[in-house]
Amino acid sequence: NMPYMVTLLSVINTIILGCDELRQRMQLRNEFIGLQLLDLLNKLRDLDDDDLLIQANVFEEAKSDDDDELFKISDGIDMSNHHEVFSALFNKVSSSPVSVQLLSILQGLLCLDLSHQSGPLLWEALEILVNRAGLLADAAQEGTVEKVMERLLIQKSHSCKQSSGQDRSTRVSKSTQTEKSSQESSMETP
């Protein structure tokens, strides 16, 4: 169904381009790329539909523009290349006192089991913490580790991601179950 595919790709473009911040756009786009969108775009080009081609071109041109902008503000580091980003980080901290913390962080990350059910969830939580740390970097110059940790872990009740995640899980739960099993009910009762 061609109109449906055009609409879906249009929604994807709208979601990504609706973000003002480069980092957010890149993060969202990478989520879609992780779902094999680039491979799908190549297949969709073969369908030779003008509207579909327009949406595919919008996605790819916006990606290229954002990649160029990120390259410029990242001192020439290809931020989509894991090795290049790691090398830049290593070179940045290797001769400083924080190299010990980097090593400790890497050792801890290496211990996370991706095959375990909680693996992806832990990686997502760590990504959120690292993003918050980047935002707090200037404000955290004065203070203690405890104060910084407190600011990193503060949960705002009106947070979009938190509330939408809870609402989504509630909706999914309600849409897939007509009633809870007695085992689930007994687990929820204190």
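In what kind of crossing, left-handed or right-handed, does helix 2 pass helix 4?

1. In this predicted model, helix 2 passes helix 4 in a left-handed crossing. The two elements, helix 2 (residues 22–34) and helix 4, pack at an angle of about 130°, with their axes 11 Å apart, which makes helix 2 oblique to helix 4.

2. On the side of helix 2, the residues that take part in this contact are Leu22, Arg25, Met26, Arg29 and Ile33, and they meet Phe59, Ala62, Lys63, Asp66, Asp67, Glu69, Leu70 and Ile73 in helix 4. By character, the residues of the contact of helix 2 with helix 4 divide into 7 nonpolar, no polar and 6 charged.

3. The largest nonpolar core has 11 residues, namely Val6, Leu9, Ile12, Ile16, Phe32, Leu37, Leu41, Leu44, Leu52, Ala56 and Phe59. At least two residues of this core are supplied by each of helix 1 (2–17), helix 3 (37–45) and helix 4 (50–73), and the largest share, 4 residues, comes from helix 1.

4. Phe32, a member of this core, touches Ile12, Ile16 and Leu37 when residues up to four places away in sequence are not counted. Phe59 is listed in the core as well, and is also among the helix 4 residues met by helix 2.

5. Ser10 lies in helix 1, and its relative accessible area of 25% places Ser10 in the partly exposed class, because that class lies between under 20% for buried and over 50% for exposed. The C-alpha atoms of Ser10 and Ile54 are separated by 9.3 Å, although these residues are 44 residues apart along the chain.

Conventions: Residues numbered from 1 in each chain as written. Predicted model: local features only at pLDDT ≥ 70, side-chain atom pairs only at ≥ 80, totals over all residues. Heavy atoms only, no water. Core = buried A, V, L, I, M, F, W, Y, C linked by side-chain atoms within 4.5 Å. Buried < 20%, exposed > 50% of the residue type's maximum accessible area, 1.4 Å probe, protein only. Contact = heavy atoms within 4.5 Å. Axes fitted to C-alpha atoms, helices over the stretch in contact; angles between N-to-C directions. Parallel < 35°, antiparallel > 145°, perpendicular 65-115°, else oblique. Left-handed = near helix turned anticlockwise from the far one by under 90°. Nonpolar A, V, L, I, M, F, W, Y, C, P; charged D, E, K, R; others polar.
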